[in-house]
Amino acid sequence: EVYRPELSDAAEQRTRLLHALHEAVDSGALSLAYQPKFDLASGRLVGMEALMRWRQADGTVVPPDRFIPLAEQSGLILPMGSWALQTALQALKTLKEAGHTGLHVAVNVTVSQFMQPDFVQKVLEALATTGMAAADLELEVTESVALIGQDAVIDVLRTLRSLGISLAIDDFGTGFSSLSYLDQIPAHRLKIDRAFVQRLETCGPGARIASLVVPLGHQIGMTVVAEGVETLQQAILLHELGCDEVQGYLFARPMPLPELLAWIGQRSTP
Ligand code: C2E
Ligand code: CA
Ligand code: CA
Ligand code: CA
């Protein structure tokens, strides 16, 4: 085996980052940002997605795309996920108490969270302790959850749905998509990945993916959401395609709760 310093550096960096993440979880250095989601035709706010944020003591921000996979591999995602669920529901409660009703909060959930035998129990507990209803919560799962292909996973999804919790299939089209599972997952929403939204304005390969996904989702009774909408042109094209909901920097960025409260307050004053 040839010594490759760049490899061991990467491994060392991972170890250091994982150690720091452990400390962040313990010291409460994680937070959630909330990104509004809108009905495209009416512009009505329908809810928001909770996104994890980690700012280190020295001010460095570590992006979730870096620390979530690390958390998933190490099992740390389990306590982090429970915390996120609880915190997001608590935030929705704060919004409700401020008079902003009829909204839901969407929380991202990974494969290993789903595989916990007491996952449904944990979700119910989070609802009970915050006093929120099942209909207030949406869980976002990627295709990989379904692709585990285990009946047990599908059972969990069906149980959640029967309890009134809604499900969204996240990042649709980016994984090893197989259409056969789509019918099996009892999801309410289908989220078209940002990559396809970006390609809408080009005439390169993939430009028409979004136009195929919208009727596909509708056919199986799902609400279709486009993520990562950054330009007016994208929004117009999505509207023409019949896309139901949108999320993206064009409309609103992910915000900490106090900022979200101020933003909603401003929106609703005439
Ligand atoms: P995601 O679930 O696909 O979340 C959407 C990502 O797109 C977020 O990135 C969001 O900030 C970003 N985004 C939204 N609108 C725009 C836009 O108009 N332009 C661009 N360029 N980006 C936009 P973020 O917050 O960095 O999160 C990245 C990923 O990390 C998420 O992708 C999700 O897979 C994961 N993640 C974040 N928070 C959590 C969490 O609490 N639990 C789990 N399991 N995963 C999370
Ligand atoms: Ca998501
Ligand atoms: Ca996504
Ligand atoms: Ca993504």
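A donor, in the sense used here, is an N, O or S atom within 3.2 Å of a calcium ion; water is not among the atoms, so a metal site may look incomplete. Keep that in mind as we walk through this structure, which is a predicted model.

Let's start at the calcium ion (ligand 2). Four residues hold on to this ion: E49 through OE, N108 through OD1, E140 through OE and D170 through OD, at 2.2 to 2.3 Å. If you look for these donor residues along the chain, you'll find them spaced as E-x58-N-x31-E-x29-D. Here "x58" just stands for a run of residues that sits between E and N in that pattern. What do E49 and N108 tie together? E49 sits in strand β2 (residues 45-55) and N108 in strand β4 (residues 104-108), so this pair links parts that are 59 residues apart in sequence.

Are those two equally covered up? Check each one in turn. E49 has a relative accessible area of 5%, so it is buried. N108 comes in at 30%, so it counts as partly exposed. The cut-offs behind those words are under 20% for buried and over 50% for exposed, with partly exposed in between.

Now shift your view to the calcium ion (ligand 3). It lies 3.9 Å from the calcium ion (ligand 2), and D170 coordinates both of them.

Next stop: helix α7 (residues 151-162), where you'll find I154. With a relative accessibility of 6%, I154 counts as buried. Which residues does I154 touch, once you skip those up to four places away in sequence? They are Q184 and I185. Y181 is worth finding too: I154 and Y181 are 27 residues apart in sequence, and their C-alpha atoms are 9.7 Å apart in space.

Finally, head over to helix α11 (residues 232-241), which includes L232. Is L232 buried or exposed? Its relative accessible area is 58%, so L232 is exposed. Together with I236 and L250, L232 makes a nonpolar surface patch of about 260 Å².

Q234 is also in helix α11, but its relative accessibility is 3%, so Q234 counts as buried. The side chain of Q234 reaches the backbone nitrogen of E230 at 2.7 Å. Leaving out neighbours within four places in sequence, Q234 is in contact with V197, Q198, L200, E201, G228 and V229. So in this one helix you can point to L232, which is exposed, and to Q234, which is buried.

How values were computed
Residues numbered from 1 in each chain as written. Chains lettered and ligands numbered in written order. Predicted model: local features only at pLDDT ≥ 70, side-chain atom pairs only at ≥ 80, totals over all residues. Heavy atoms only, no water. Patch = residues over 30% accessible without salt bridge, like charges linked within 9 Å, V, L, I, M, F, W, Y side chains within 5 Å. Areas by Shrake-Rupley, 256 points an atom, 1.4 Å probe, with all protein chains shown as cover. Salt bridge = Lys/Arg side-chain N within 4 Å of Asp/Glu carboxyl O. Helix = DSSP H or I, 4+ residues; strand = E, 2+ residues; numbered from the N terminus. Buried < 20%, exposed > 50% of the residue type's maximum accessible area, 1.4 Å probe, protein only. Polar contact = N/O pair within 3.5 Å; in protein donor to acceptor, adjacent residues only side chain to side chain. Contact = heavy atoms within 4.5 Å. Donors = N, O, S within 2.8 Å, 3.2 Å for Na, K, Ca; no water.
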